[in-house]
Amino acid sequence: MNILVTGGAGFIGGNFIRWMRQNAPEHRLVNVDALTYAGNLESLSDIAEDEYYHFIRADIRDRLKMDEVFRTHDITHVVNFAAESHVDRSIVDPEIFLSTNIIGTQSLLDTAKANWKLAPDDKYSREYRGNVKFLQVSTDEVYGALGKEGMFTETTPLSPNSPYSAAKAGADLVCRAYHETFGLPLNITRCSNNYGPYQFPEKLIPLMIHNCIQEKPLPVYGDGMQIRDWLHVFDHCSAIYTVLSRGEPGEIYNIGGNNERANIDIVRFIILTLGKTEQLITYVKDRPGHDRRYAIDNTKITTKLGWRPAYTFERGLMGTIEWYRANSAWMERVLSGEYTDYYERMYAPSFS
Ligand code: NAD
Ligand code: DAU
């Protein structure tokens, strides 16, 4: 496969690229990322020179550029991670979420259709070249919130509550339409909350680990009893590769590892592991429209595709805490903003 990985300088995309180089090294990877505040190429510095990996700085909404990337690299597969991904930011500035997450996805779908369809100008044709696929990386947040009981299945109605999740749901529906109307071979995956190395410290787990190490207040929204279903990012990567390789075209697959935890319990686990005091916990005003509980029913991907998560939550979180402890310099460069200079330092000489 020649795989276009969009958003590969972000948390999950970067881990996916590294996971693929270790576990499926026969595939070529082209990373297209606009390097927004969330894109950090430094996280991939160890494979920057790998001959099976190529980075291009570009916006997925730039259709001409996307077409050039498809043609130059003979792209056969797309894994679309590129998105604005942080719920709190979407509450402050929704527009970029709709633009990147919906219009950006549509730009990629059009490019894939134009390059893969055997008769691109025939609107009735549904024939594509062999062995091509578009994988849309979506989220369990498109289903909205659960009460005390129940789990999200692939047929749970979409009911997004934040501008972020509404934009992701919009992208899912556009993907569905491109499969139904044009026959584009695609899958949608909907994963629960990820954690692991290289996550931007605006999200719960890296933020709490960092503040705890620094003995700064730990800001818990509302009563801290909101529940998320956590999955180690390496398990998300193996699930995506499974769906990319063996998923039935047109199907949606939920991804989760049955690890429901209340936010406050995670914060306490981090405090205990780092040997700090619970006095650091600071309850703050709740997030508007805060989803109370998420839980993924993973029956479809486990029974139909044979995927299984490898990490228990406790082992995964201990390893993650250890990673942040050992990589404090990475965290400091992210927090100081210095990481944004990496692209210039690394790539500028080759442009001159
Ligand atoms: P992230 O914010 O860490 O990374 C997003 C990446 O996309 C960044 O590198 C950014 O520079 C890039 N990007 C943004 N706009 C772009 C554009 N217009 N063109 C090209 N690149 C652009 O996000 P993440 O946490 O790694 O999430 C990746 C994907 O997985 C997202 O689609 C998200 O919705 C989905 N997802 C995330 C989680 C989670 O827990 N983090 C769970 C389920 C699904
Ligand atoms: O469920 C998948 C989603 O998980 C992804 O689609 C999103 O891209 C990803 O950001 C994540 O969304 P959440 O809103 O669940 O993640 P976040 O880390 O922002 O928050 C997790 C929980 O912790 C949530 O209930 C809010 C709470 N929280 C978060 C922060 C940053 C706090 O209590 N305090 C905080 O400071």
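Student: Why is R63 called partly exposed in this predicted model?

Tutor: R63 has a relative accessibility of 37%. Buried means under 20% and exposed over 50%, with partly exposed in between, so R63 counts as partly exposed.

Student: What makes R63 and D110 a salt bridge?

Tutor: Their side chains come to 2.9 Å, N to O. The cut-off is a side-chain nitrogen of Lys or Arg within 4 Å of a carboxyl oxygen of Asp or Glu, so the pair qualifies. R63 is in helix α2 (residues 63-73) and D110 in helix α4 (residues 95-116), so this pair, 47 residues apart, links distant parts of the chain.

Student: How many salt bridges are found in the whole structure?

Tutor: The search finds 18.

Student: What separates K65 and E68 in helix α2?

Tutor: K65 and E68 are three residues apart in helix α2, which means about one helical turn. Their closest N and O atoms are 3.3 Å apart; the limit is 4 Å, so K65 and E68 form a salt bridge.

Student: Are K65 and E68 buried, exposed or partly exposed, and how do you know that?

Tutor: K65 has a relative accessible area of 25%, and E68 has 42%. Partly exposed lies between the 20% and 50% limits, so that label applies to K65 and to E68.

Student: What makes R261 and E314 a link between distant parts of the chain?

Tutor: R261 forms a salt bridge with E314, with the closest N and O atoms 2.9 Å apart. R261 belongs to strand β11 (residues 260-262) and E314 to helix α10 (residues 313-326), 53 residues apart. At a relative accessible area of 21%, R261 is not under the 20% limit for buried, so R261 is partly exposed. E314 is partly exposed as well, at 34%.

Student: Why is D235 listed without a salt bridge?

Tutor: The nearest side chain of opposite charge, R315, is 7.2 Å away, and a salt bridge needs a pair within 4 Å, so D235 has none. D235 is buried and sits in helix α7 (residues 233-246).

Student: Which backbone nitrogens does the side chain of D235 reach?

Tutor: A polar atom of the D235 side chain lies 2.7 Å from the backbone nitrogen of A310, and the side chain reaches the backbone nitrogen of Y311 at 3.0 Å. The limit for a polar contact is 3.5 Å, so the pairs with A310 and Y311 fall within that limit.

Student: What makes the approach of Y164 to ligand 1 a polar contact?

Tutor: An N or O atom in the Y164 side chain is 2.6 Å from an oxygen atom of ligand 1, and the limit is 3.5 Å, so the pair counts. The protein covers 96% of the 840 Å² of accessible area that ligand 1 has on its own. The shell around ligand 1 divides into 14 nonpolar, 11 polar and five charged residues.

Student: How do you know that R287 makes a polar contact with ligand 2?

Tutor: An N or O atom in the R287 side chain is 2.6 Å from an oxygen atom of ligand 2, and with a limit of 3.5 Å the pair therefore counts. The protein covers 94% of the 690 Å² of accessible area that ligand 2 has on its own. Polar side-chain atoms also lie 2.7 Å from a ligand 2 oxygen atom in the case of T139, and 2.9 Å from one in the case of N263.

Methods:
Residues are numbered from 1 along each chain as its sequence is written. Chains are lettered from A and ligands numbered from 1 in the order in which they are written. This is a predicted model: local features need pLDDT of at least 70, side-chain atom pairs count only at pLDDT 80 or more; totals for chains, interfaces and linings use all residues. Side-chain values use heavy atoms; hydrogens and water are left out. A polar contact is a pair of N or O atoms within 3.5 Å; within protein, one must be able to donate a hydrogen and the other to accept it, and residues adjacent in sequence count only if both atoms are side-chain atoms. Accessible areas come from the Shrake-Rupley method with a 1.4 Å probe; for residues, only the protein chains shown count as cover. Helices (H or I, at least four residues) and strands (E, at least two) are DSSP runs, numbered from the N terminus. Buried means under 20% relative accessible area, exposed over 50%, partly exposed in between (1.4 Å probe, protein chains only). Lys and Arg count as positive and Asp and Glu as negative; His and the chain ends are not counted. Ala, Val, Leu, Ile, Met, Phe, Trp, Tyr, Cys and Pro count as nonpolar, Asp, Glu, Lys and Arg as charged, and the others, Gly among them, as polar.
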